[in-house]
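Thanks for asking me to look over this one. Here are my notes, kept short so that you can read them beside the picture.

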Amino acid sequence: MNNFPRVLVCGAGSIGQRHIKNLQSLNVNVSAWRNRRVLAEELSAKYGIIVHADLDRGLEQADAVVIATSTNTHIDIALKAAKQSKAIYMEKPIAKSFSEIAPLVGEISKNNNIVEVGFQLR
């Protein structure tokens with residue numbers, strides 16, 4: 001392991017895998033979180049990375065998080081990351097509805113997290 005940042009990529013569909021490849025090309029220490037164990041093992045073998053089954057453990061070992069999961073999970077993951085003062089990159093949309101965003105905004109403001117929202121072009 002080098003002195004580069006440790007980034008946890010949450011979600012490993014096509015977009016998550018693109019983030020993994022891009023981060024690896026920058027020599028970032030990449031790990032991932034995937035809740036489906038069989039797919040997690042495949043991901044680990046494909047990219048040579050640690051794939052966490054436990055989100056909290058993965059976040060503890062990361063400096064930043066990329067959230068590339070389904071939209072309905074974005075806020076929960078981002079809240080956990082914000083509470084641990086992690087930098088956050090989240091794929092759009094942030095949430096299913098605007099009303100879900102308020103708790104995250106509050107936590108980000110309290111912890112002064114670095115947050116970016118965007119999307120990968122295919």
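**Notes on the fold**

1. To begin with the inventory, the protein has 5 helices and 6 strands. Please keep in mind that this is a predicted model. Followed along the sequence, the elements come in the order β-α-β-α-β-α-β-α-β-α-β.

2. On overall dimensions, the C-alpha trace extends about 40 × 30 × 25 Å along its principal axes. How does the radius of gyration sit with a compact globule? For 122 residues one would expect a value near 14 Å, and the protein has 14 Å, so the two agree.

3. Next, the packing. Buried residues make up 44% of the 122 in the protein. Among contacts with a separation of 6 or more, 55% are between residues 24 or more positions apart.

4. As for the surface, the accessible area is about 7000 Å², and carbon and sulfur atoms account for 52% of that area. The protein carries 15 positive and 11 negative charges, and the mean positions of these two sets are 4 Å apart.

5. Strand β1 is a good place to zoom in. It covers residues 6-10 and is mostly covered, with 4 of its 5 residues buried. Which strand does β1 pair with? Its partner is β2, residues 29-33, and the two run in the parallel sense over 5 bridges. Within this pairing, Val7 is found opposite Val30 of β2.

6. One reminder for when you view the strands: in a regular strand, side chains alternate between the two faces of the sheet.

Methods. Residues numbered from 1 in each chain as written. Predicted model: local features only at pLDDT ≥ 70, side-chain atom pairs only at ≥ 80, totals over all residues. Heavy atoms only, no water. Rg over C-alpha atoms; globule rule 2.2 N^0.38 Å. Buried < 20%, exposed > 50% of the residue type's maximum accessible area, 1.4 Å probe, protein only. Contact = heavy atoms within 4.5 Å. Areas by Shrake-Rupley, 256 points an atom, 1.4 Å probe, with all protein chains shown as cover. Lys, Arg positive; Asp, Glu negative; His and termini not counted. Charge placed at Lys NZ, Arg CZ, Asp CG, Glu CD. Pairing = 2+ DSSP bridges.
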